[in-house]
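This report describes the fold, the surface and selected local features of one protein chain. The structure is shown below.

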Amino acid sequence: PGNKIDLDKDRHVSVEEAESYSESVGAKHYHTSAKLNKGIEELFLDLCKRMIEMAQAEERLKGNGASQSASSRRGVQIVDDEPQATPAGGCCSSG
């Protein structure tokens with residue numbers, strides 16, 4: 001396991017070697033554990049941010065920096081969809 005921090009004792013590749021390799025190929029090495037729910041949200045938020053930045057850079061290159069028409073622009077919105085706690089006595093309480 002390369003990036004599963006909950007299986008560190010079973011690691012076959014050192015963290016330094018993994019990070020060095022990822023840097024050499026232009027990638028990023030993430031320390032994650034789905035089992036422990038560590039680093040997962042950071043990984044996805046970082047990937048989304050990088051994809052948006054790459055798409056924006058690509059659009060700028062296509063347009064040579066000129067202003068773009070509204071039809072060629074893409075809007076991206078990241079929404080926190082975690083359920084919010086309902087206060088006691090909310091709409092669905094009986095009584």
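## Helix α2 and its surroundings

Helix α2, which covers residues 40-63, contains 24 residues and spans 35 Å between its first and last C-alpha, close to the 34 Å expected at 1.5 Å a residue. The model under discussion is predicted. Within α2, the buried residues are L43, D46 and E59. An α-helix has 3.6 residues a turn, so residues three or four places apart point the same way.

The second largest pocket holds about 180 Å³ of space. Its lining includes E41, F44, L45 and C48, and residues 40-63 form helix α2. The lining is completed by I78, V79, D80, D81 and E82. Classified by side chain, five of the lining residues are nonpolar and four are charged, while no polar residue takes part.

The chain as a whole contains two helices and zero strands. Its overall values are collected in the following table.

| Property of the protein chain | Value |
|---|---|
| Buried share of the 95 residues | 11% |
| Share of contacts with a separation of 6 or more that join residues 24 or more positions apart | 38% |
| Exposed area | about 8200 Å² |
| Share of the exposed area supplied by carbon and sulfur atoms | 53% |

Two individual residues deserve separate description. The first is S22, a residue of helix α1, which runs through residues 15-24. Is S22 buried or exposed? S22 counts as buried because its relative accessibility is 9%, and the limit for that class is under 20%. When neighbours within four places in sequence are left aside, the contacts of S22 are with A27, K28 and H29.

The second is N37, located in the loop between α1 and α2. Its phi angle is near 55 degrees, a positive value in a residue other than glycine. N37 has a relative accessible area of 61% and is therefore exposed, the threshold for this class being over 50%.

Taken together, the two residues fall into opposite accessibility classes: S22, in helix α1, is buried at 9%, whereas N37, in the loop between α1 and α2, is exposed at 61%.

Note on methods: Residues numbered from 1 in each chain as written. Predicted model: local features only at pLDDT ≥ 70, side-chain atom pairs only at ≥ 80, totals over all residues. Heavy atoms only, no water. Helix = DSSP H or I, 4+ residues; strand = E, 2+ residues; numbered from the N terminus. Buried < 20%, exposed > 50% of the residue type's maximum accessible area, 1.4 Å probe, protein only. Contact = heavy atoms within 4.5 Å. Expected span 1.5 Å × (residues − 1). 1 Å grid on protein atoms, 1.4 Å probe; cavity = no way out; pocket = protein on both sides within 12 Å on 5 of 7 lines; lining within 4 Å. Points joined across faces, edges and corners; volume = space filled by probe spheres on them. Nonpolar A, V, L, I, M, F, W, Y, C, P; charged D, E, K, R; others polar. Areas by Shrake-Rupley, 256 points an atom, 1.4 Å probe, with all protein chains shown as cover.
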